[in-house]
Amino acid sequence: MNADQLCGLLAEPSRLRTYSAIVLGASTPEQVAGSTGLPAPVVVKALRRLTKGGLIEASRDGFTADEAAFKDAVRESRPERVPLDPDPARDNVLRSFIRDGRLTHFPTFPDKFRIVLEYLVQTFEVGRSYPETEVNELLNRWHPDHAALRRRLVDARLLDRQNSIYTRPLP
């Protein structure tokens, strides 16, 4: 069951109250009706729908809730994380500073900043010349302080600069 299906099952107030009653220990339609104040036909209909949806199970002992459905739905809807670097240590550093394709803040440790700069410089093609305006535009996609990034890339010798033209040198 995915998160949308789970939310759909609980979107109806009578189903949500019925599920809640079962989680809190009600196991028969009568107990659910008593604890929720819902009429018996509404409880029966909600139990049928929740059972069909897989959120509760019916047995001889009564109804029980599948509480793991929430964790399962979250796990199912979470996209597979693609590492930013094949090296787990470098990937860890990058994950700390890059979210949704943006640099959240500058690392304070030089070694970590170097890893981030080496990742960001991949935005540029090796050997191609870039005017400063294009460099600014590309770096601005990563962080609003494109001037600081540009300066740091040049200082780290990851970009060469001559007459406001930038080139990524061969590695």
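Let's start with aspartate 91, which forms a salt bridge with arginine 95, their closest N and O atoms being 3.8 Å apart. By salt bridge I mean a side-chain nitrogen of Lys or Arg within 4 Å of a carboxyl oxygen of Asp or Glu. Side chains of opposite charge can pair when their charged atoms come close.

Before I go on, a word about what is on the screen: this is a predicted model, where local features need pLDDT of at least 70 and side-chain atom pairs count only at pLDDT 80 or more, while totals for chains, interfaces and linings use all residues. Residues are numbered from 1 along each chain as its sequence is written, and side-chain values use heavy atoms, with hydrogens and water left out.

Back to our pair. Where do aspartate 91 and arginine 95 lie? Both are in helix H6, residues 88-97, four residues apart, about one turn of the helix. Helices here are DSSP runs (H or I, at least four residues), strands are runs too (E, at least two), and both are numbered from the N terminus. An α-helix has 3.6 residues a turn, so residues three or four places apart point the same way.

Is aspartate 91 buried or exposed? Aspartate 91 counts as buried because its relative accessibility is 5%, and arginine 95, at 33%, counts as partly exposed. The cut-offs are under 20% relative accessible area for buried, over 50% for exposed, and partly exposed in between, using a 1.4 Å probe and protein chains only.

How many salt bridges does the structure hold? There are seven. One of them joins the side chains of arginine 150 and glutamate 132, at 3.9 Å from N to O. This pair links distant parts of the chain, with arginine 150 in helix H9 and glutamate 132 in helix H8 (residues 132-140), 18 residues apart. Arginine 150 is buried at 14% relative accessibility, whereas glutamate 132 is partly exposed at 25%.

Another salt bridge runs between glutamate 137 and arginine 141, with 3.3 Å between the closest N and O atoms. Then there is a network: Asp85, Arg90, Arg114 and Glu118 are joined into one by salt bridges that share partners.

Let's stay with aspartate 85 for a moment. You'll find aspartate 85 in the loop between helix H5 (69-77) and H6, and with a relative accessible area of 13% it is buried. Leaving aside neighbours within four places in sequence, aspartate 85 is in contact with Arg90, Asp91 and Leu94; contact means heavy atoms within 4.5 Å. So we meet Asp91 again.

Now to the nonpolar side of things. A nonpolar core is a set of buried Ala, Val, Leu, Ile, Met, Phe, Trp, Tyr and Cys residues joined through side-chain atoms within 4.5 Å. The largest one has 24 residues, and Leu103, Leu117, Leu120, Phe124, Leu149 and Leu153 touch the most other members. The elements giving two or more residues to this core are H6, helix H7 (110-120), H8 and H9. Which element gives the largest share? That is H7, with six residues.

Within H7, the buried residues include Phe113, Ile115, Val116, Leu117, Tyr119 and Leu120. Among the elements that cover the buried residues of H7 are H6, S3, S4 and H9. For a view from one residue, try leucine 149: not counting residues up to four places away in sequence, leucine 149 touches Leu103, Phe106, Phe113, Leu117, Leu120, Leu139, Trp142 and His143. A second, separate core has 18 residues, including Ala26, Val32, Ala33 and Ala73.

My last stop is the largest pocket. Its lining is Arg81, Val82, Leu84, Arg95, Ile98, Arg99, Asp100 and Gly101. Those residues divide into three nonpolar, one polar and four charged.

Asp100 also deserves a look for its backbone. Aspartate 100 has a positive phi of about 50°, although it is not a glycine. Aspartate 100 sits in the loop between strand S3 (98-99) and strand S4 (102-103), and it is exposed, with a relative accessible area of 81%. Arginine 157 is another residue other than glycine with a positive phi, near 60°. Look for arginine 157 in the loop between helix H9 (146-155) and strand S6 (160-162); it is exposed too, at 69% relative accessible area.

Terms used:
On a 1 Å grid over the protein atoms alone, a cavity is a set of points where a 1.4 Å probe fits but cannot get out, and a pocket is an open set with protein on both sides within 12 Å along at least five of seven lines; lining residues have an atom within 4 Å of a point. Ala, Val, Leu, Ile, Met, Phe, Trp, Tyr, Cys and Pro count as nonpolar, Asp, Glu, Lys and Arg as charged, and the others, Gly among them, as polar.
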